[in-house]
Amino acid sequence: KELVGDIRGGGFSLDWAPSYEAGCAAICAGSHDIYLLDYRLGARTGIELLEEVHARGCFGPVILLTGQGQSRTDLEALNAGAYDYLEKSGLTPALLERAMRYALVQHRAAAELEHKVK
């Protein structure tokens, strides 16, 4: 939470989903610009949540945050649809802001392309 508040220029507000189910509902509601998702969500993982929301037809720009730096988890996250994967131990406000802005740009470009294809 503090990292989002420390981003220069602000412009970001943070809503907290208190459970796995609330996180799924928030992403499927699509009422946020971006989603920061922790890898560890109690008995389940953020990757499982991503796979579940995608199976429901819900998509949004998600950045997965983790305390562990394993390349296997990185690839799993990206394959599950995460826009980025960041280790919390090296995370700075500047890095988080860059990742968030990049995910938003990528998401908008994908939506625009999908619109043109239709």
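The exercises below work through a predicted model of one protein.

**Exercise 1. Fold outline**

Task: State how many helices and strands the protein has, and give their pattern along the sequence.

Solution:
- Step 1. Count the elements: there are five helices and five strands.
- Step 2. Read them along the sequence: the pattern is α-α-β-β-β-α-β-α-β-α.
- Step 3. Add the contacts. Among those with a separation of 6 or more, 59% join residues 24 or more positions apart.

**Exercise 2. Surface and burial**

Task: Find what share of the residues is buried, and what share of the exposed area carbon and sulfur atoms supply.

Solution:
- Step 1. Take the 118 residues of the protein; 34% of them are buried.
- Step 2. Turn to the surface. The protein exposes about 7400 Å².
- Step 3. Carbon and sulfur atoms supply 51% of that area.

**Exercise 3. Strand β4 and its partners**

Task: Identify the strands that pair with β4, the sense of each pairing and the number of bridges.

Solution:
- Step 1. Locate strand β4 at residues 62-66.
- Step 2. Pair it with β1: four bridges, parallel sense. Here L36 has I63 as its bridge partner, and L37 stands opposite L64.
- Step 3. Pair it with strand β5, residues 84-87: again four bridges, and the two run parallel. L64 stands opposite Y85 in β5.

**Exercise 4. Two strands, face by face**

Task: Sort the residues of β1 and β4 by face, and say which faces are covered.

Solution:
- Step 1. Recall the rule: side chains in a regular strand alternate between the two faces of the sheet.
- Step 2. Apply it to β1, residues 35-38. Y35 and L37 form the covered face. L36 and D38 form the uncovered one.
- Step 3. Apply it to β4. V62, L64 and T66 lie on one side, I63 and L65 on the other. Both faces are covered.
- Step 4. Check the count: five of the five residues in β4 are buried.

**Exercise 5. Classifying T45**

Task: Decide whether T45 is buried or exposed.

Solution:
- Step 1. Place T45 in strand β3, residues 44-45.
- Step 2. T45 has 13% relative accessibility, so it counts as buried. The cut-off is under 20%.
- Step 3. List its contacts beyond four places in sequence: Y20, Y39 and R40.

**Exercise 6. The second largest pocket**

Task: Describe the volume and lining of the second largest pocket.

Solution:
- Step 1. The volume is about 180 Å³.
- Step 2. The lining residues are H54, F59, G60, G81, Y83, H107, A110, A111 and E114.
- Step 3. Sort them by class: four nonpolar, four polar and one charged.
- Step 4. Helix α5, residues 93-117, gives the most to this lining, with four residues.

Methods:
Residues are numbered from 1 along each chain as its sequence is written. This is a predicted model: local features need pLDDT of at least 70, side-chain atom pairs count only at pLDDT 80 or more; totals for chains, interfaces and linings use all residues. Side-chain values use heavy atoms; hydrogens and water are left out. On a 1 Å grid over the protein atoms alone, a cavity is a set of points where a 1.4 Å probe fits but cannot get out, and a pocket is an open set with protein on both sides within 12 Å along at least five of seven lines; lining residues have an atom within 4 Å of a point. Grid points are joined across faces, edges and corners, and a volume is the space filled by probe spheres set on the points. Ala, Val, Leu, Ile, Met, Phe, Trp, Tyr, Cys and Pro count as nonpolar, Asp, Glu, Lys and Arg as charged, and the others, Gly among them, as polar. Buried means under 20% relative accessible area, exposed over 50%, partly exposed in between (1.4 Å probe, protein chains only). Contact means heavy atoms within 4.5 Å. Accessible areas come from the Shrake-Rupley method with a 1.4 Å probe; for residues, only the protein chains shown count as cover. Two strands pair if DSSP finds at least two bridges between them.
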